[in-house]
Amino acid sequence: MQFLDHYRASPSVANRLRTLLKLAFDLAVMQGLCESNPVYSIPTARENKRDRYLTDDEYRRIWRAASPVLRCIMDMCYLTGQRIGDVIKINLADITPEGILFQPEKTTDKAGRGKKLLVAMTPDIESVIARAKALHGPVTRLALFGLKKGGAPRKYSGVADQWKSACQRAGVADAHLHDIRAKALTDAKAQGLNPQALALHSTEAMTIRYLRGLETPTAHGPKMAMKTGKS
């Protein structure tokens with residue numbers, strides 16, 4: 001509990017560390033190193049749902065301030081609705097005329113096996129792929145967004161640094177890389193598409209956490225049926 005208290009200012013971090021500790025103590029119990037798992041008695045930290053929606057204007061401003069490769073990564077994140085970590089790992093072998101095959105790191109079935117998702121090919125996605133390949137030049141790479149030297153997949157930290165710099169140049173505050181995924185799922189729902197299928201979530205509740213500005217319903221009051229006279 002004392003250890004987790006150091007991270008209470010970041011509830012999501014505290015909860016992930018709690019999960020890690022819980023798994024470690026589960027293993028310790030199975031190996032006879034302790035009699036019970038003390039983590040079960042520690043409640044999870046309350047996480048405030050992020051409701052930041054990246055507007056079209058903000059997206060365009062950041063895009064214009066971004067490097068050519070970051071522009072491609074941003075557009076691919078938006079058009080596929082996938083996590084940034086999965087997008088920067090796209091290999092050329094994952095791309096077919098039918099679409100792009102993803103196996104998200106954070107998504108597994110009941111048996112613990114990784115789920116797969118094929119995001120259908122569209123002219124917009126084809127355009128991003130062509131732009132990304134053009135950045136490679138004559139060098140053949142396995143990763144679509146591979147580094148110039150060696151062609152290895154980019155690291156999240158490097159992309160995050162580029163994003164932060166682009167946001168500063170664009171004058172857009174409080175914008176996270178993950179907000180692109182939230183924008184994609186929100187816009188997909190607004191366009192009549194299925195954001196849950198795009199996110200590869202097993203429940204609707206998981207998808208709702210990503211939707212922005214759509215949770216509050218609009219209600220209409222009754223029309224005035226009685227005559228009140230003129231004021």
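Among the contacts in the protein with a separation of 6 or more, 55% are accounted for by residues 24 or more positions apart. The structure is a predicted model, and 35% of its 231 residues count as buried. The protein has 10 helices and 3 strands, and from the N terminus on these elements run α-α-α-α-α-β-β-β-α-α-α-α-α.

The sheet is a convenient place to begin. Strands of a sheet pair through backbone hydrogen bonds, either parallel or antiparallel. Here 3 strands form an open sheet in the order β1-β2-β3, and the pairing is antiparallel. At the edges stand β1 (95-96) and β3 (117-120), each of which has a single partner strand, so one side of each is left without a neighbour in the sheet.

The pairing can be followed strand by strand. A hairpin joins β1 to β2 through 2 residues, and the antiparallel pairing of β1 with strand β2 (residues 99-102) is made by 2 bridges. Within this pair, I95 stands opposite I100 in β2. On the other side of the sheet order, β2 is joined to β3 by 4 bridges, and these strands also run antiparallel. Two of the positions facing each other can be named: G99 has A120 in β3 as its bridge partner, while F102 stands opposite L117 in β3.

The side chains of β3 add a further element to this picture. In a regular strand the side chains alternate between the two faces of the sheet. Along β3 this alternation places L117 and V119 on one face, where they are buried, whereas L118 and A120 point to the other face and are not buried. L117, the residue that F102 stands opposite, therefore belongs to the buried face of β3, since L117 and V119 point to that face, whereas A120, the bridge partner of G99, points to the other face.

Turning to the helices, one packed pair can be described in detail. Two packed helices are described by the angle between their axes and the distance between the axes. Helix α4 (residues 68-80) packs against helix α8 (residues 179-190) at an angle of about 40 degrees, and their axes are 7 Å apart. The crossing of α4 and α8 is right-handed. The residues that meet are M74, C77 and Y78 in α4 and I180, K183, A184 and D187 in α8, and they divide into 5 nonpolar, no polar and 2 charged.

Two individual helix residues show how buried positions are surrounded. E58 is found in helix α3 (residues 56-65) and counts as buried at 16% relative accessibility, because the cut-off for that term is under 20%. Not counting residues up to four places away in sequence, E58 touches R52, Y53 and V172. A132, which is found in helix α6 (residues 123-136), has a relative accessibility of 2% and likewise counts as buried. Leaving aside neighbours within four places in sequence, A132 is in contact with C72, L144 and F145. The C-alpha atoms of A132 and G146 are separated by 9.3 Å, with the two residues 14 positions apart along the chain.

A loop residue calls for separate attention. Most residues other than glycine have a negative phi, and most peptide bonds are trans. Phi of D174, however, is near 50 degrees, a positive value in a residue other than glycine. D174 lies in the loop between α7 (156-170) and α8, and with a relative accessible area of 45% D174 is partly exposed.

The cysteines remain to be considered. A disulfide is a covalent bond between the sulfur atoms of two cysteines. The structure holds 0 disulfides. As for their surroundings, C34 is partly exposed, with a relative accessible area of 24%, whereas C167 is buried, with a relative accessible area of 6%.

Key: Residues numbered from 1 in each chain as written. Predicted model: local features only at pLDDT ≥ 70, side-chain atom pairs only at ≥ 80, totals over all residues. Heavy atoms only, no water. Pairing = 2+ DSSP bridges. Axes fitted to C-alpha atoms, helices over the stretch in contact; angles between N-to-C directions. Left-handed = near helix turned anticlockwise from the far one by under 90°. Contact = heavy atoms within 4.5 Å. Nonpolar A, V, L, I, M, F, W, Y, C, P; charged D, E, K, R; others polar. Disulfide = S-S within 2.5 Å. Buried < 20%, exposed > 50% of the residue type's maximum accessible area, 1.4 Å probe, protein only.
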